[in-house]
Amino acid sequence: MVRRAGGGGGGAAGGAGVKAARRPEVRLPALESYDGFGLEPDGDYDGLEFREVDFVGQDGGGARFMDCALTGCALDETRLHHARVLDSVLMGIRGVGTDLAESTLRDVEVVDARLGGVQLHGSVLERVLVRGGKIDYLNLRKARLKDVVFEGCVLVEPDFGGARLERVEFVDCVLKGADFTSATLTDVDLRGAAELDIARGVDRLAGAVISAGQLLDLAPVLAATMGIRVEGGGEG
């Protein structure tokens, strides 16, 4: 069920009638260094650089980040429920239990993140690139993903339950124990995944494209989902 990808995928989602994801093109203006004392609920942050700022346990629910760069910031148990992150770059952020539920990320690059248990359920991601890093237990239940690329990252037990994915690509990334239960997929390209391990929801892959090798790897779980019992071959 896990296979190292060969050639052919590579994120070039034009083949097999799959529409390619539109990647964000973030061009940040000259930024001012953030000199505040912490996040504020419904705060408005525009054109700021947050460098190695400690936001552990703070409440920035409903905040808006526009044309911002967050580099090396600590986001453990940071509350950013209903936040809006627009035209921004998040580089080297780290944290456990970050709450971004029901937030909006649009034209955002997330680079080399180290996150665990991040909550993005019910969120909207549009033109988002997640490149490098590792995210454990990513919760994207009932989220909407459109033009999203996961590239060169490791996703451990990501939860896409009930989510809607449109033009989403997985390029040279590792998916371990992914859950697609009740998800809806349209133009989702999994061929470029370096490793593909789907724990639940393999029956929801209509609208996705996979490689022939990945199909062989997924055969046991597909058979189990369809109630097919596979026993030893041979005659007699």
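## Exercises on a predicted model

By class, 22 nonpolar residues, 1 polar residue and no charged residues make up the lining of the largest cavity. The model is predicted, and the exercises below concern its cavity, its pocket, one arginine and its cysteines.

**Exercise 1.** Determine how many cavities of 30 Å³ or more there are, and describe the lining of the largest cavity.

*Solution.*
1. The count comes to 1 cavity of 30 Å³ or more.
2. The volume of the largest cavity is about 290 Å³.
3. Its lining comprises 23 residues, of which Leu90, Ile93, Leu100, Leu105 and Val110 are the closest to the centre.
4. At least two lining residues come from each of strand S6 (84-91), strand S8 (104-116) and S9.
5. The element that gives the most is S9, with 4 residues.

**Exercise 2.** Establish which elements line the largest pocket and how its lining residues divide by class.

*Solution.*
1. The largest pocket has a volume of about 170 Å³.
2. Its lining consists of Val124, Leu125, Glu126, Arg144, Leu145, Lys146, Arg164, Leu165, Glu166, Thr184 and Thr186.
3. Two or more of these residues are given by each of S9, strand S10 (144-151), strand S12 (164-171) and strand S14 (184-189).
4. By class, the lining divides into 4 nonpolar, 2 polar and 5 charged residues.

**Exercise 3.** Locate Arg127, decide whether Arg127 is buried or exposed, and identify the partner of its side chain in a polar contact.

*Solution.*
1. Arg127 lies in strand S9 (residues 124-136).
2. The relative accessible area of Arg127 is 18%. Buried means under 20%, so Arg127 is buried.
3. The side chain of Arg127 makes a polar contact of 2.7 Å with that of Asp107.
4. Apart from neighbours within four places in sequence, Arg127 is in contact with Arg22, Pro24, Arg106, Asp107, Val108, Lys146 and Asp147.

**Exercise 4.** State the number of disulfides, then examine Cys73 and Cys173.

*Solution.*
1. The structure holds 0 disulfides.
2. For Cys73, which is in no disulfide, the nearest cysteine sulfur is that of Cys68, 10 Å away.
3. Cys73 has a relative accessibility of 0% and therefore counts as buried.
4. Cys173 is likewise in no disulfide; its nearest cysteine sulfur belongs to Cys153, at 4.8 Å. A disulfide requires sulfur atoms within 2.5 Å, a cut-off that the 4.8 Å separation does not meet.
5. With a relative accessible area of 0%, Cys173 is buried.

Methods:
Residues numbered from 1 in each chain as written. Predicted model: local features only at pLDDT ≥ 70, side-chain atom pairs only at ≥ 80, totals over all residues. Heavy atoms only, no water. Buried < 20%, exposed > 50% of the residue type's maximum accessible area, 1.4 Å probe, protein only. Polar contact = N/O pair within 3.5 Å; in protein donor to acceptor, adjacent residues only side chain to side chain. Contact = heavy atoms within 4.5 Å. 1 Å grid on protein atoms, 1.4 Å probe; cavity = no way out; pocket = protein on both sides within 12 Å on 5 of 7 lines; lining within 4 Å. Points joined across faces, edges and corners; volume = space filled by probe spheres on them. Nonpolar A, V, L, I, M, F, W, Y, C, P; charged D, E, K, R; others polar.
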